[in-house]
Amino acid sequence: MSLTSVAGVNIIGAGLAGSLLAILLGRRGFKVTVYERRPDPRLASANGGRSINLALAARGIRGLELAGVLDRVMPLATVMRGRMVHEHDGAAALQMYGVRPNEVIYSVSRAQLNRTLIEAAARLPNVTFSFDQLCLGLAHEKTVLEMRDEKNGRIYHTAAQPSIATDGAGSEVRDSLMAREVSTVREEPLDHDYKELTIPARDGKHVMEPNALHIWPRGGFMLIALPNLNGTFTATLFLARHGTNSFDELTSPDAVDGFFAREFPGAKVLMPEVPHEFFEHPQGSLGTVYTRGWHLGGDVLLLGDAAHAIVPFHGQGMNCAFEDCAELIRLMDRHQSWPGLFQAFEAERRPNTDAIAQMALENYVEMREAVLDDEYRKKKKEAEELERKDPNFIPRYSKVMFHPEISYTAALTR
Ligand SMILES: Cc1cc2nc3c(=O)[nH]c(=O)nc-3n(C[C@H](O)[C@H](O)[C@H](O)COP(=O)(O)OP(=O)(O)OC[C@H]3O[C@@H](n4cnc5c(N)ncnc54)[C@H](O)[C@@H]3O)c2cc1C
């Protein structure tokens, strides 16, 4: 089955990776059909989904550039030059992300980014979106996907040749590959959950430095906040599920109020609604998904979170998923058949996605704990000095965030 002999390519899931991939494959001339379980976000009111805003860095930017949509995305983004670390006594200091002016990351609304990508893909005449269509996984026959139309409950089958599953961390397609023993999956849940909260604007303006990612590190847990264009910040509390200082303890508005007054007094005054908002927003879980066997021959491929969900502490899940898309397209020039392409994709990407999974876990400790440590700060200053003097010296964080030409594996091992 050569790459060009197929009638079309299916994409399962019009999230961040699926919609970017639709543009890239569409621009390459493939007839693309994208199945998405949610309603069309261009018609429905925006639903933030798993997180309201995300940090976009160089690997993600490269994918957007390749798809020709960067100029549409950048107006949605707010630059973040460093981490503003808020200590318990109210002292706040900015730790710059890099030593060069272009070493910055961006905060971007997930919903707006997703909608922009869908709009760009839908403009291509050979890309079709089919919303409200839930994929139930592979049916018994080898190359057939079982689908359910969410508007009327109708179950139908669609040929899977070839299908790229970008249906996210809880992928149904991955489950069905696992059931067929094509994939083996190891899920490592984190014992910390998250909750998103709002820091409102004052007179339409940000109440803190807008061009920074704010962190209130407290050792075993932390609060972070990313700026939005409308003057608000989206804050995220990362906290253990059980034990002392845990979600289990926060069972009433008074308990939440007391916890914020004790642990985040500086942030609390900026979040008057927090005791009530806390109970209106869902408590999300986090974890790492390690999959071996990302493809069924040339019929089905897992990509993005469906293949390798990671914890969000390096701000790389989406960036990595966009890099997946760019790498798949790059490999198309070297492979004539779908099975060969999918095999090469897994061989090339899996060591890299394992590496970023590890670095993302390590970065949780750095964000909630190490940034407070004097020794860490001294080492960071020394590293910055070294970097200024020797352009060949690049710290690991910078390799991951600002140097897409350096692979995740190289960033981890060098
Ligand atoms: C709290 C939090 C903060 C994060 N912050 C960052 C960050 O700052 N930077 C960063 O790079 N990454 C971040 N991430 C990670 C990022 O959200 C993911 O890595 C990224 O969304 C992966 O894209 P994806 O397209 O693979 O999956 P998704 O974006 O989850 O898209 C999956 C799509 O598939 C659809 N779908 C699911 N199942 C089916 C089905 N059975 N049939 C049809 N459609 C289906 C879904 O509706 C969705 O549209 C964060 C994650 C979390 C949880």
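**Close-up 1. A three-stranded open sheet, ordered β3-β7-β4.** In this predicted model, three strands line up as β3-β7-β4 in an open sheet, and the pairing is antiparallel. The edges belong to β3 (53-56) and β4 (77-80); each has a single partner strand, so one side of each goes without a neighbour in the sheet. Going from strand to neighbouring strand, the average turn is 30°, with direction ignored. As a general reminder, strands of a sheet pair through backbone hydrogen bonds, in either a parallel or an antiparallel way.

**Close-up 2. Where β4 meets β7.** Zooming in on one pairing of that sheet, we find β4 running antiparallel to β7 (residues 105-109), with four bridges joining the two. For a spot to look at, take A77: its bridge partner in β7 is V108.

**Close-up 3. The cavity and its volume.** Now for the empty space. With a cut-off of 30 Å³ or more, the count comes to one cavity. The largest cavity holds about 50 Å³ of space.

**Close-up 4. What lines the largest cavity.** A set of 13 residues makes up the lining, and V289, Y290, H308, T353 and D354 are the ones that lie nearest the centre of the cavity. Which elements each supply at least two residues of this lining? They are the strand β17 (283-292) plus two helices, α9 (305-308) and α11 (338-368). Sorted by class, the lining of the largest cavity comes out as seven nonpolar residues, four polar ones and two charged ones.

Conventions: Residues are numbered from 1 along each chain as its sequence is written. This is a predicted model: local features need pLDDT of at least 70, side-chain atom pairs count only at pLDDT 80 or more; totals for chains, interfaces and linings use all residues. Side-chain values use heavy atoms; hydrogens and water are left out. On a 1 Å grid over the protein atoms alone, a cavity is a set of points where a 1.4 Å probe fits but cannot get out, and a pocket is an open set with protein on both sides within 12 Å along at least five of seven lines; lining residues have an atom within 4 Å of a point. Grid points are joined across faces, edges and corners, and a volume is the space filled by probe spheres set on the points. Ala, Val, Leu, Ile, Met, Phe, Trp, Tyr, Cys and Pro count as nonpolar, Asp, Glu, Lys and Arg as charged, and the others, Gly among them, as polar. Two strands pair if DSSP finds at least two bridges between them. Axes are lines fitted to C-alpha atoms, for helices over the stretch in contact, and angles run from 0 to 180 degrees between N-to-C directions.
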